[in-house]
Amino acid sequence: MRLIIYPRLGTTAKRAIKRVRKKWGHPYQYNPRSTLIQRLCSELGWTEEEVRKQIAKEREFLTRYRQYLR
């Protein structure tokens, strides 16, 4: 899969998008900040919905294959 959004993220956002569990093993639900969405919309020229869909695709890929990407 071609990662479009992940390389454009900062360190904190990269860690958040790859996170699967919170403290004590509770599941983590990623919710991108609105400032990040707006920045990516202006950089890529996409709509907010397209950016959110691409983030979801890349997050699913990263969490599924994270042991191979280290």
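Begin with the salt bridges: this predicted model holds five of them. The stops below visit several in turn.

**Stop 1: helix α2.** Select residues 34-44, which form helix α2, and display the side chains of R39 and E43. The two residues lie four positions apart, about one turn of the helix. Their side chains form a salt bridge, with the closest N and O atoms 2.7 Å apart. R39 is partly exposed, at a relative accessible area of 32%, and E43 is likewise partly exposed, at 40%.

**Stop 2: the start of helix α3.** Select residues 48-64, helix α3, and display E48 and R52, again four residues apart. A salt bridge joins these side chains, at 3.3 Å from N to O. R52 has 35% relative accessibility and counts as partly exposed; E48, at 38%, is also partly exposed.

**Stop 3: further along helix α3.** Select E60 and R64, which are separated by about one helical turn. In their salt bridge, the closest N and O atoms are 2.8 Å apart. Is R64 exposed or buried? With 52% relative accessibility, R64 counts as exposed, whereas E60, at 37%, is partly exposed. Now add R8 to the view: shared salt-bridge partners join R8, R39 and E43 into one network.

**Stop 4: the whole protein.** Display the full chain and count three helices and zero strands. The radius of gyration is 12 Å, close to the 11 Å that the globule rule gives for 70 residues, so the protein is as compact as a globular protein of that length. Finally, colour the charged side chains: 18 are positive and 6 are negative, and the centres of the two sets lie 12 Å apart.

Technical notes:
Residues are numbered from 1 along each chain as its sequence is written. This is a predicted model: local features need pLDDT of at least 70, side-chain atom pairs count only at pLDDT 80 or more; totals for chains, interfaces and linings use all residues. Side-chain values use heavy atoms; hydrogens and water are left out. The radius of gyration is taken over C-alpha atoms; the globule rule is 2.2 Å times the number of residues to the power 0.38. Lys and Arg count as positive and Asp and Glu as negative; His and the chain ends are not counted. The place of a charge is taken as NZ of Lys, CZ of Arg, CG of Asp or CD of Glu. A salt bridge is a side-chain nitrogen of Lys or Arg within 4 Å of a carboxyl oxygen of Asp or Glu. Buried means under 20% relative accessible area, exposed over 50%, partly exposed in between (1.4 Å probe, protein chains only).
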